[in-house]
Amino acid sequence: MKTKTRDTSGYGLPYLSGLLRLESKRNMAHIARETGVAEQNLQQFVSDSPWSGQNPVDQVQAEVRERPEFHQGSVLILDESAEVKSGETTAGGRRQHNGRLGKIENSQVGVFLSLVNNGHHLWIDGDLFLPERWFTPEYAAKRKRVGIPSERTFETKLVIGLRKIKQVRDNEVHLVAVDCDTLYGRSGWFRDQLAQEKIEYYADVPANTKVYRQRPQLHWPLTKRGTRAKKPEVSMTPITVADLALHSTTVWQTITVRPNERGHLVADFARHQVWTIRPDGTLRAEWLIIRRDRNQKQTTYSLSNAPVETPLESMAQRKSQRYFIERSNQDAKSELGWDECQAIKYRAWEHHLAFTILASWFILETKLDWLRDHPPQTELLETYQIDVLPNLSVANVRTLLRAAMPLPQ
């Protein structure tokens, strides 16, 4: 957190400490009061100081890379999360889709990556989505007021997500696959980009997505002018992934997905090799993985570029990790004060994200060290008649921290 002229990191520990120890009102003013820091100085450190928010994020990724718990089987999950904001005074604020509310609302939207391995999860990177209107001449004054960098240009959420995935990969974080929801999964361009980067993906798609069960033959008819048509004629009729789930050739396999509070989560899985057609008329061969939950009576569909020899059980495990980014989002908001930051500037959002990632890594590292130093006593499973022993929660670690480092009374 150093700049060219100053080392401002002395304000970092009080801010991080406030996020971790305060139970509510984790805004800059309250954190400053509770930790004994001048409010104006902390405000300047978070909102205006030119230290790079990416530097501590890269450091967290370097430390994650060294933990043996993340050396095999880690899955990177891409998702977005929105916070309601009043008006358009906040960087990126605009009427746009808010997934949490399920409607269009004045919101600020971030694109986030969560890393998951064996139930351990944390936000590991992210970036603020800036709607295209923010780059129009009419918004020039607003861009200057909230400090959006002059080099920043409009990027779709897909482009932001792809850029961040490649950045994490280039930082040599161990990854076996990437998961994403239908916003990203229904984009053939996005899936192609991941495939070109040799990144295995599990991309959710809507139930009405059309695929071909066999490799179709394509024919380009001539137009009246004698030129080749832009769209080819296809030799067979496609089928929706929902209909394919009901097809007689679909073979289901029951697989244990993960442990949960009630024991183990079990679901039925099936897969087909299918083909889809790119806009340029070329064919794309992919796996269709279908998951049918038993209790919730819900069926989800994902396309994947996993190697042909990949066992269905491995594909099912990798596909089913998206649950954990919801947990990461919830922890960031309810336990680490992500949605309590009241700053309006772009740099404040970037810095607050860096501290949220630092806080979540501190908590996860504490949990990992606890598991290493205090292995679970398996005999307690029979004593308490349960299937899974609980791990420390985020709230548990924060309670321990408040006991070890109590705030002034």
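The following questions and answers go through the side-chain packing, ring pairs and charge pairs of this structure.

This is a predicted model in which local features need pLDDT of at least 70 and side-chain atom pairs count only at pLDDT 80 or more, while totals for chains, interfaces and linings use all residues. Residues are numbered from 1 along each chain as its sequence is written, and side-chain values use heavy atoms, with hydrogens and water left out.

Student: Which helix gives the largest share of the largest nonpolar core?
Tutor: A nonpolar core is a set of buried Ala, Val, Leu, Ile, Met, Phe, Trp, Tyr and Cys residues joined through side-chain atoms within 4.5 Å, where buried means under 20% relative accessible area, exposed over 50% and partly exposed in between, with a 1.4 Å probe and protein chains only. The largest such core has 73 residues, and Y15, I165 and F190 have the most contacts inside it. Its largest share, 13 residues, comes from residues 346-373, which form helix α12.

Student: Which residues does F190 touch, leaving out those up to four places away in sequence?
Tutor: Contact here means heavy atoms within 4.5 Å, and F190 is one of the residues with the most contacts inside the largest core. With residues up to four places away set aside, the partners of F190 are L78, L158, L162, I165, C180 and Y184.

Student: How is the aromatic pair of F112 and W123 arranged, stacked or edge-to-face?
Tutor: Rings of Phe, Tyr and Trp (its six-membered ring) pair if their centres lie within 6.5 Å, and planes under 30 degrees apart count as stacked, over 60 as edge-to-face and the rest as tilted. F112 belongs to strand β3 (residues 103-117) and W123 to strand β4 (residues 120-128), strands and helices being DSSP runs numbered from the N terminus (E, at least two residues, for strands; H or I, at least four, for helices). With 4.2 Å centre to centre and 5° between the planes, the pair of F112 and W123 is stacked.

Student: Which residue has its charged end over the ring of F324?
Tutor: F324 is buried at a relative accessible area of 7%, whereas Y323, at 32%, is partly exposed. A charge sits over a ring if NZ of Lys or CZ of Arg is within 6 Å of the ring centre and within 35 degrees of the ring normal. At 5.5 Å from the centre of the F324 ring, the charged end is that of R258.

Student: Where in the chain do the two partners of the salt bridge between R191 and E286 lie?
Tutor: A salt bridge is a side-chain nitrogen of Lys or Arg within 4 Å of a carboxyl oxygen of Asp or Glu, and R191 and E286 meet at 2.8 Å, N to O. R191 is buried, with a relative accessible area of 4%, and E286 is buried at 3%. The partners are 95 residues apart, R191 in helix α8 (residues 188-196) and E286 in strand β13 (residues 283-293).

Student: What is the distance between the closest N and O atoms of D204 and K319?
Tutor: D204 lies in strand β6 (residues 201-205) and K319 in helix α10 (residues 312-319), 115 residues apart. D204 counts as buried at 11% relative accessibility, as does K319 with a relative accessible area of 7%. In their salt bridge, the closest N and O atoms of D204 and K319 are apart by 3.7 Å.
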